[in-house]
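Work through these exercises with the model in view. Try each task before reading its solution.

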Amino acid sequence: MKRAVKLSASILVTLLFLWWAFRDTDWGTQLASMKSANYLWLVPYFLCLVAIHVFRTLRWGSLLSGMEKIPFRKLNEASGIGFMMLLVLPFRLGEFARPFLIAQRSSIRRSAAMTSVVLERIVDGLFVAASMRVLLFFVPNETPEVRYVKLGSWLMFAVFGGGLLFLLFGLWQQERTVRLVRSTVGRFAPGLADKVADVVDTFVGAMRQLPDAKQVVLFFLFTVGYWGVNGLGMMLLANAFDCTGAAAGSACQPMELSLFQAYVVLCVLVVGVMIPAAPGMVGTFQAACKVGLSLFLPAGVVNAGGLAYANVMWLAQTAQTVGFGLILMSMGHMSFKDIAGKLEKEGEAPASTA
């Protein structure tokens with residue numbers, strides 16, 4: 001019953017954002033933009049997506065190196081399949097995929113691997129929130145959209161900054177942190193208090209196995225490379241919708257993005273896809289792109305070429321993530337059903353639930 005309610009709620013969120021994103025769409029102009037798009041620009045964009053995958057994989061390896069240095073082949077296999085599972089599985093079960101898969105390929109415990117994934121999320125959240133605040137300083141118009149985006153950046157700072165402070169406090173005062181969690185959670189859910197405290201204790205303990213200074217520096221360099229290529233790819237893909245291939249008299253409306261604008265749209269997109277929705281991020285992805293593009297482009301362009309651009313970008317990212325995952329799964333002679341079933345059990349485990 002709980003899963004059915006969650007699934008229904010996620011689908012409802014997706015439908016709501018799809019309605020909002022496409023409610024003012026000029027379908028004729030959007031179709032013209034799709035038809036006249038120069039899809040050769042997908043070639044450099046896919047190259048950027050490959051580079052993004054490599055950066056994400058290498059930086060995870062840098063974090064894990066404090067526990068074990070894992071060969072790239074095994075690391076890449078766990079990353080590629082894990083990112084696919086995160087995209088396609090409901091109820092955030094894909095969050096457990098990478099820790100589960102890397103534990104099968106190394107001596108690293110799943111709890112320790114999960115710690116590395118959470119640290120990645122915190123760093124990414126703070127990096128995007130800080131980048132957004134800096135970039136928005138150079139956006140001159142104080143429109144309602146800009147105010148909403150600024151609010152989103154502050155919320156990201158609060159969520160991920162609070163998480164970082166909690167982890168740092170736990171690293172400094174581990175026993176006190178565990179007692180604090182047990183006493184506070186115990187007031188609301190006594191049955192879960194000990195389980196949550198054990199999870200926090202294990203989590204903080206795993207943080208003490210952080211890599212050396214060299215690997216930490218590499219982790220941040222890979223992070224900058226990962227987000228840098230991401231924005232570059234978005235700028236390159238926008239060139240496909242400049243209407244240069246449109247027929248005479250076509251309703252196509254050209255759009256383009258500078259590198260600065262692409263990074264702003266990227267930051268807004270990250271905030272948008274954090275909203276829980278159905279698997280695949282459909283709906284929230286398009287709506288977030290629309291908000292980001294509306295900071296720079298007229299409504300007529302956003303609701304036509306802009307949404308066509310968002311749809312093509314979503315499809316390209318989904319195809320690359322799922323394609324890599326399926327290829328690596330096939331090479332490793334693994335079954336999607338088997339991995340998904342084990343992840344579901346993992347998600348139902350008491351520690352994971354806590």
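**Exercise 1. Charge and surface**

Task: Find how far apart the mean positions of the positive and negative charges are, and state what supplies the exposed area.

Solution. The model is predicted. Start with the charges. The protein chain has 30 positive and 20 negative charges. Their mean positions lie 4 Å apart. Now take the surface. The protein chain exposes about 17,300 Å². Carbon and sulfur atoms supply 67% of that area.

**Exercise 2. Overall build**

Task: Count the helices and strands, then decide how the radius of gyration of the protein chain compares with the globule rule.

Solution. Count first: the protein chain has 15 helices and 0 strands. Next, compare the radii. The radius of gyration is 21 Å, and the globule rule gives 20 Å for 354 residues. The two values are close, so the protein chain is as compact as a globular protein of that length. Then take the spans. Along its principal axes, the C-alpha trace covers about 70 × 45 × 45 Å. Finish with burial and contacts. Of the 354 residues, 46% are buried. Among contacts with a separation of 6 or more, 76% join residues 24 or more positions apart.

**Exercise 3. Two aromatic pairs**

Task: Classify the ring pair Trp-154 and Phe-157, then the pair Phe-260 and Phe-296.

Solution. The structure holds 9 aromatic pairs. Take Trp-154 and Phe-157, one of them. Their ring centres are 5.9 Å apart, and their planes meet at 45 degrees. An angle under 30 degrees would be stacked, and one over 60 edge-to-face. The pair is therefore tilted. Now place the two residues. Both sit in helix α7, which runs over residues 144-172. They are 3 residues apart, so about one helical turn separates them. Phe-157 has 28% relative accessibility, so Phe-157 is partly exposed.

Move to Phe-260 and Phe-296. Their ring centres are 6.2 Å apart, with planes at 75 degrees, so this pair is edge-to-face. Phe-260 belongs to helix α11 (residues 259-273). Phe-296 belongs to the loop between α12 (284-294) and α13 (299-331). The pair therefore ties together parts that are 36 residues apart in sequence. Both residues are partly exposed: Phe-260 has a relative accessible area of 28%, and Phe-296 has 22%.

**Exercise 4. Leu-135 and its contacts**

Task: Decide whether Leu-135 is buried or exposed, and list what it contacts beyond four places in sequence.

Solution. Leu-135 is in helix α6 (residues 110-136). Its relative accessible area is 16%. That is under 20%, so Leu-135 is buried. Beyond its neighbours within four places in sequence, Leu-135 touches Phe-260, Tyr-263, Val-264 and Cys-267. Look at Cys-267. It stands 132 residues from Leu-135 along the chain, yet their C-alpha atoms are 9.2 Å apart.

**Exercise 5. Thr-321 and helix α12**

Task: Give the burial state of Thr-321 and its contacts, then explain why α12 counts as largely enclosed.

Solution. Thr-321 lies in helix α13. Its relative accessibility is 18%, so Thr-321 counts as buried. With neighbours within four places in sequence left aside, Thr-321 contacts Gly-80, Phe-83, Met-84 and Leu-87. Now turn to α12. Of its 11 residues, 9 are buried, so α12 is largely enclosed by the rest of the structure. The buried residues of α12 are Thr-284, Phe-285, Gln-286, Ala-287, Ala-288, Cys-289, Lys-290, Gly-292 and Leu-293.

Terms used: Residues are numbered from 1 along each chain as its sequence is written. This is a predicted model: local features need pLDDT of at least 70, side-chain atom pairs count only at pLDDT 80 or more; totals for chains, interfaces and linings use all residues. Side-chain values use heavy atoms; hydrogens and water are left out. Helices (H or I, at least four residues) and strands (E, at least two) are DSSP runs, numbered from the N terminus. The radius of gyration is taken over C-alpha atoms; the globule rule is 2.2 Å times the number of residues to the power 0.38. Buried means under 20% relative accessible area, exposed over 50%, partly exposed in between (1.4 Å probe, protein chains only). Contact means heavy atoms within 4.5 Å. Accessible areas come from the Shrake-Rupley method with a 1.4 Å probe; for residues, only the protein chains shown count as cover. Lys and Arg count as positive and Asp and Glu as negative; His and the chain ends are not counted. The place of a charge is taken as NZ of Lys, CZ of Arg, CG of Asp or CD of Glu. Rings of Phe, Tyr and Trp (its six-membered ring) pair if their centres lie within 6.5 Å; planes under 30 degrees apart count as stacked, over 60 as edge-to-face and the rest as tilted.
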